[in-house]
2 protein chains.
Amino acid sequence: MRAAETAPAPTAQRVREAAFELFAERGYHGTGIRQLAERAGLSSASLYHHMGSKEELLGALMRESLERLLAEAQAVAARESDPGERLCALVRMHVRSHGERPLETRVVDGEVAALTGPVRAEVVALRDRYEALWHATIDAGLDAGQFHVTSPALARRALLEMCSGVARWFDPAGPTALPDLAEQYVDLARALLGATATAGRRVDGDTPRPVEISEGFSRSRAPR
Amino acid sequence: MRAAETAPAPTAQRVREAAFELFAERGYHGTGIRQLAERAGLSSASLYHHMGSKEELLGALMRESLERLLAEAQAVAARESDPGERLCALVRMHVRSHGERPLETRVVDGEVAALTGPVRAEVVALRDRYEALWHATIDAGLDAGQFHVTSPALARRALLEMCSGVARWFDPAGPTALPDLAEQYVDLARALLGATATAGRRVDGDTPRPVEISEGFSRSRAPR
DNA sequence: GCGACCCGATCGATCGATCGATCGATCGAC
DNA sequence: GTCGATCGATCGATCGATCGATCGGGTCGC
């Protein structure tokens with residue numbers, strides 16, 4: 001029955017959320033298990049019924065985050081065949097994902113060094129697979145003559161670094177809504193890659209706003 | 001002569017270098033006083049003859065790094081009056097600085113949260129002054145009609161994030177030398193800002209030197 | 001002998017982790 | 001319907017280790 005689901009919030013879920021908050025806020029090594037227990041609303045001893053160890057908890061969180069990001073990227077790749085459109089969709093997905101879950105991103109990007117052993121290797125491998133998807137898309141766009149950059153590897157790194165930064169400063173209460181921000185990042189990415197001014201700027205799903213095509217760099221949208 | 005300088009390496013300097021290495025490698029909270037002492041080649045007790053506390057040491061390192069970066073940026077701003085050229089010079093300086101001293105950058109960018117109180121405010125203020133210099137340059141370029149972006153604030157953040165990333169992956173033993181890399185970043189920055197192809201450096205029409213880097217992009221870091 | 005520099009020993013606090021015990025819910029046996 | 005057995009979840013208490021920091025005393029150049 002649906003009634004079987006615990007009403008308020010499963011303890012394990014509260015632990016995960018508390019861990020994301022504290023690890024993002026004070027870092028993995030800067031967070032004690034007592035703080036973690038307090039934030040999650042139980043004792044430090046009870047914590048160990050929901051996790052193997054502090055490091056295993058971190059590893060599980062990072063792996064889950066990366067697996068979802070990779071799955072979303074693979075879905076995008078399966079949906080968009082044209083390299084230009086695929087890259088735009090990747091940027092859109094990446095920016096939205098990072099803007100919606102900034103805590104996860106800060107932990108994933110900043111605490112890899114805190115992991116050791118096979119778990120770390122697994123996380124690094126997941127991240128590499130995600131980046132390989134971007135690299136392949138950029139290469140395809142270059143082969144198709146849609147992009148114009150001297151070094152695809154450099155462009156990929158610059159692009160990813162730039163897009164991931166969203167998680168470090170985006171404020172959902174700010175003047176720019178996340179879907180609009182994602183579209184601005186698409187424009188930046190296209191400019192950075194020297195993309196030809198073909199289409200590829202459609203907004204999928206829940207954004208009803210009609211997009212005016214700007215061939216180079218438009219001033220059509222308000223800065224706010 | 002500078003005979004006053006101790007020949008091998010002043011202890012205080014060794015401590016600073018060890019701190020940069022360890023803080024960048026394992027994080028501030030992940031580094032113990034004893035590890036720091038061992039790396040610097042003295043006892044943990046002697047460490048306190050060269051620093052007030054662990055946090056004061058971190059604060060001093062970050063302040064010095066940021067003060068030098070800011071000074072270099074101010075020198076660039078005083079030298080270049082044209083917004084387009086000034087921004088190119090800023091990018092060049094930023095990339096070179098971050099490529100030459102990656103440890104400092106990783107500490108400055110990643111350990112701000114480890115600071116507390118007035119020291120933290122001071123470091124944040126320094127970082128803000130540095131970013132304000134970029135922002136003013138981008139605004140000036142927009143007013144002069146040299147750049148074409150919808151949001152200068154967004155462009156500034158994307159630009160800085162992209163350029164700082166160099167410190168996280170640049171390998172001096174790699175195929176691309178740092179000055180060449182800086183020029184590639186200048187090109188990327190100009191493309192990102194929609195810069196008019198007038199004043200700047202070489203436009204990507206005919207680059208005098210066909211730089212290409214093709215190192216494998218799945219460069220997994222060893223799990224230690 | 002004085003100050004700069006360094007050390008071994010040790011402080012109280014906190015770290016991550018474990019222990020045995022308790023509580024309420026569930027279940028099969030009768 | 002009731003009773004003991006079992007279970008997942010939680011707790012207070014506490015473990016040994018390590019944390020950042022301090023102290024008193026040593027060594028050496030001046």
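Trainee: What's the surface near DNA strand D made of, by class?

Mentor: This is a predicted model, and in it that surface has five nonpolar, nine polar and three charged residues.

Trainee: And which residues are closest to strand D?

Mentor: Of the 17 residues surrounding DNA strand D, the closest are Ser43(A), His49(A), His50(A), Ile33(B) and Lys54(B). Sugar and phosphate make up 43% of the strand D atoms that come within 4 Å of the protein.

Trainee: OK, phosphates then. How far is the side chain of His50(A) from a phosphate oxygen of strand D?

Mentor: An N or O atom in the His50(A) side chain sits 2.5 Å from a phosphate oxygen of DNA strand D. For Ser46(A), the distance from a side-chain N or O atom to a phosphate oxygen of that strand is 2.9 Å. Chain B joins in through Lys54(B), with a polar side-chain atom 2.6 Å from a phosphate oxygen of DNA strand D.

Trainee: Which elements give two or more residues to that surface?

Mentor: H3 of chain A, together with helix H2 (33-40) of chain B.

Trainee: Switching strands. Which residues come nearest to strand C?

Mentor: There are 16 residues around DNA strand C, and Lys54(A), Ser43(B), Ala45(B), Ser46(B) and His50(B) come nearest. Here sugar and phosphate account for 42% of the strand atoms within 4 Å of the protein.

Trainee: What are the distances to the phosphate oxygens of strand C?

Mentor: Lys54(A) has a polar side-chain atom 2.6 Å from a phosphate oxygen of DNA strand C. For Ser46(B), a side-chain N or O atom is 2.9 Å from a phosphate oxygen of the strand, and a polar side-chain atom of His50(B) is 3.1 Å from one.

Trainee: And what does the surface near strand C look like by class?

Mentor: Five nonpolar, nine polar and two charged residues. In chain A, helix H2 (33-40) and helix H3 (44-47) each supply at least two residues of that surface.

Trainee: Let's leave the DNA. At what angle do H8(A) and H7(B) pack?

Mentor: H8(A) and helix H7 (residues 152-164) of chain B pack at about 130°, and their axes are 8 Å apart. That angle is why H8(A) counts as oblique to H7(B).

Trainee: Which residues make that contact?

Mentor: Ala158(A), Glu161(A) and Met162(A) come from H8(A), and Ala158(B), Glu161(B) and Met162(B) from H7(B). By class, the contact has four nonpolar, no polar and two charged residues.

Trainee: Is the crossing of H8(A) and H7(B) left-handed or right-handed?

Mentor: Right-handed.

Trainee: What about within chain A, how does H5 pack against H8?

Mentor: H5(A) and helix H8 (residues 152-164) of chain A pack at an angle of about 35°, with 9 Å between their axes. On the H5(A) side the contact uses Leu87(A), Val91(A), His94(A), Val95(A) and His98(A). H8(A) brings Leu159(A), Leu160(A), Cys163(A) and Ser164(A). The classes come to six nonpolar, three polar and no charged residues.

Trainee: And how do H5(A) and H10(A) pack?

Mentor: Helix H5 (residues 83-100) and helix H10 (residues 178-192), both of chain A, pack at about 140°, with their axes 9 Å apart. That makes H5(A) oblique to H10(A), and H5(A) passes H10(A) in a right-handed crossing.

Trainee: Which residues are involved there?

Mentor: From H5(A), the contact includes Leu87(A), Cys88(A), Val91(A), Arg92(A) and Val95(A). Among those from H10(A) are Leu178(A), Pro179(A), Leu181(A), Tyr185(A) and Val186(A).

Trainee: How does that contact break down by class?

Mentor: The contact of H5(A) with H10(A) has 11 nonpolar, one polar and five charged residues. Arg96(A) of H5(A) and Glu183(A) of H10(A) are also part of the contact.

Note on methods: Residues numbered from 1 in each chain as written. Chains lettered and ligands numbered in written order. Predicted model: local features only at pLDDT ≥ 70, side-chain atom pairs only at ≥ 80, totals over all residues. Heavy atoms only, no water. Axes fitted to C-alpha atoms, helices over the stretch in contact; angles between N-to-C directions. Helix = DSSP H or I, 4+ residues; strand = E, 2+ residues; numbered from the N terminus. Parallel < 35°, antiparallel > 145°, perpendicular 65-115°, else oblique. Left-handed = near helix turned anticlockwise from the far one by under 90°. Contact = heavy atoms within 4.5 Å. Nonpolar A, V, L, I, M, F, W, Y, C, P; charged D, E, K, R; others polar. Near = heavy atom within 4 Å. Polar contact = N/O pair within 3.5 Å; in protein donor to acceptor, adjacent residues only side chain to side chain.
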